[in-house]
Structure formats: C-alpha cells, structure tokens
Amino acid sequence: MGKAGRDWGQIYSIYGVDDWQTPIFLLIYAIFFSILSVIFLVYFEPICYFFHHFLPGPSSARFAAGFTGSVTALSAVCLFYAAGNIFYSSVSLHWEMAQRMVNAVGDWSSVKHALDLGCGRGILLNAVALQLKKSGSSGRVVGLHPTPTCSLSTLRTAGIEGVQEYVTCRSGDPRKLPFSDNYFDVVASAAFVHTVGKEFGQKTAVAAAERMRVLKPGGVGVVWDLVHAPEYVKRLQELKMEDIRVSERVTAFMVNSHVIVFNKPSQHFVGPNEVRLDWRLNNLC
C-alpha cells in the first residue's frame with residue numbers, strides 16, 4: 001500500500017476527509033444556486049415582469065433580472081469550484097504534499113524519533129512511517145493531535161498501510177507539546193501548524209515557529225503551511241534556523257500554501273537579539 005502514485009479513490013477509501021462538512025455545505029449551496037440560475041433562465045420573462053413592479057421601464061427590469069441571474073450562476077460556479085478544491089486539497093493534494101515533504105528529508109535511516117504535529121487521519125504520519133520502513137530504520141513517528149478521538153482512526157489507517165509498528169498516536173495541546181526539548185530528529189506538519197497559537201492573531205506564525213523547540217540540533221523541520229509562510233520564514237530566520245527553503249506556491253483549501261524546509265543548527269546559541277524557544281506570551285508581544 002505504500003506506493004507514491006495513487007488515485008483519489010484509493011486515498012479517500014483509506015483516509016476519508018477530515019472536515020467533510022465544509023465541502024458538503026458548499027456543494028449544497030452550489031446546487032441551490034444552480035437551481036436558481038436555471039429558474040432565472042427558464043422563467044426569464046415572468047421574472048422581468050416581477051422586477052418591473054419595482055423598477056422604472058422594461059429595460060431596467062430586464063437588466064436587473066439578467067444581472068441577478070448571471071450573479072446567481074457565477075456564484076454556483078464559484079461554490080462548485082470551492083467544494084472541489086477543498087475536497088481535492090483534503091485527499092489527493094494532501095497525499096501529494098505528504099510525499100513531497102518526506103522526500104525533502106535526505107536520510108531517513110538515521111531518524112530515530114519523528115513528530116507529525118496535527119496528524120489528523122494520518123496521511124503525513126503514515127508517509128513518514130513508510131519512509132522509516134523502507135529505509136530500514138528502527139525509528140518511530142509520533143502523531144500528535146488535539147482531538148482524542150482521532151487516535152483510533154489514525155491507528156486504523158496505519159494498520160491498513162502496514163506500518164502500525166512504526167506509529168504512535170497521542171492527543172494533546174499543540175501549544176504545549178508534551179515532549180522534552182531537542183527530542184525529535186524530524187518535525188513535520190501538514191496544513192495544521194498555521195492554527196497553532198491563532199489566539200495571538202498576527203503573531204500566529206511566531207507562536208507556531210516556537211514549537212520547533214522539540215527539534216534536535218541538526219534535525220530537519222518540514223512544514224506545509226497555509227497563509228502564513230512569509231511570517232513563518234521570517235521567524236525561523238530570527239531563530240537562526242539554517243538552509244531554509246520555500247517551495248513554489250500551491251493553492252490549497254482556497255488559499256496559497258508552501259512547503260517550508262529547514263535545519264536546526266547543530267549548536268544553537270542564543271544571541272542578544274534572539275528569543276528563546278519557549279511558550280511565553282511575553283516573547284510574542
């Protein structure tokens with residue numbers, strides 16, 4: 001089951017969709033607006049007559065009816081696109097980005113401890129586990145997610161992929177990682193880290209970057225980030241991370257996204273202008 005090339009049906013049958021309510025909600029509204037646009041097309045003359053009661057002259061009424069029908073049809077197209085993009089981002093694109101992320105790590109055979117922050121149903125988590133298995137590593141990957149019920153479904157997908165012996169799942173607050181500093185050889189996160197510290201508003205990216213305190217010196221961080229990539233890169237530079245690389249833009253979940261890869265220095269010194277890697281509100285003000 002560990003092949004990189006899969007169609008969306010295979011991926012969906014294993015992992016499903018984390019936030020399935022959103023595409024369904026958008027699809028329902030898209031169908032509703034589609035029906036309205038068809039009604040405007042079929043009953044255009046009666047609708048013009050109705051508008052004529054509120055607007056002076058038949059030309060104004062026809063323009064208003066035509067404009068309203070066009071906006072309705074365009075809204076239906078946009079909603080169909082949004083529903084499709086979110087479903088694609090949750091399934092096929094998520095799988096593709098997970099493959100890109102694991103390929104960004106040079107040598108998995110030396111990895112003993114890896115962390116997937118916000119593992120969800122386990123697409124990235126299992127991609128990491130498959131790399132550990134292929135490389136012959138004795139390491140394990142820990143999936144952390146704030147939802148306790150997520151662990152059972154994640155372990156089920158690991159079993160389907162045949163990597164359950166490489167996977168551990170934990171529930172916990174991603175703002176207060178239950179791990180010691182400098183513990184993991186690899187820290188990865190897919191379409192999640194931008195939500196960490198969101199209570200800090202514009203400082204969300206700063207708060208998210210602080211989570212890399214658990215990365216070992218010499219370790220590799222790989223993040224698929226939505227929205228906050230420039231701010232996140234800036235914070236990583238302030239924290240003296242090395243070899244920071246940013247991928248090309250990818251549209252995911254209707255916003256811009258990037259994969260950010262970086263290395264933590266083998267010896268990490270705290271300079272006079274550098275903030276220590278801990279979770280204190282005064283560091284973010």
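This passage looks at the annotated membrane spans, one aspartate and the salt bridges of a predicted model.

According to the unreviewed UniProt entry, the annotation "transmembrane region" covers residues 24-51 and 63-83. In the model, residues 24-51 are 96% helix and 0% strand, and the C-alpha atoms at the ends of this span are 33 Å apart. Residues 63-83 are 100% helix, with 30 Å between the end C-alpha atoms.

Seven salt bridges are present in the structure. One of them pairs Arg 62 with Glu 45, with 3.0 Å between the closest N and O atoms. This pair links distant parts of the chain, as Arg 62 belongs to helix α4 (residues 58-103) and Glu 45 to helix α3 (residues 44-52). Arg 62 is partly exposed at 40% relative accessible area, and Glu 45 is partly exposed at 47%.

A salt bridge within helix α8 (residues 229-238) offers another setting: Glu 238 and Arg 235 lie three residues apart, about one turn of the helix, and their side chains meet at 3.1 Å, N to O. Here Arg 235 is buried, because its relative accessible area of 5% falls under the 20% cut-off, whereas Glu 238 is partly exposed at 36%. Arg 245 and Asp 243 form a further salt bridge, at 3.5 Å. Salt bridges with shared partners also join Glu 96, Arg 100 and Glu 248 into one network.

Turning to strand β4 (residues 184-190), Asp 185 is found there and is buried, with a relative accessible area of 16%. A polar atom of the Asp 185 side chain lies 2.9 Å from the backbone nitrogen of Lys 112. Beyond its neighbours within four places in sequence, Asp 185 has contacts that include Val 111, His 113, Leu 215 and Gly 219.

Notes. Residues are numbered from 1 along each chain as its sequence is written. This is a predicted model: local features need pLDDT of at least 70, side-chain atom pairs count only at pLDDT 80 or more; totals for chains, interfaces and linings use all residues. Side-chain values use heavy atoms; hydrogens and water are left out. UniProt positions are given in the numbering used here, feature names are shortened, and annotations may be inferred rather than shown by experiment. Helices (H or I, at least four residues) and strands (E, at least two) are DSSP runs, numbered from the N terminus. Buried means under 20% relative accessible area, exposed over 50%, partly exposed in between (1.4 Å probe, protein chains only). A polar contact is a pair of N or O atoms within 3.5 Å; within protein, one must be able to donate a hydrogen and the other to accept it, and residues adjacent in sequence count only if both atoms are side-chain atoms. Contact means heavy atoms within 4.5 Å. A salt bridge is a side-chain nitrogen of Lys or Arg within 4 Å of a carboxyl oxygen of Asp or Glu.
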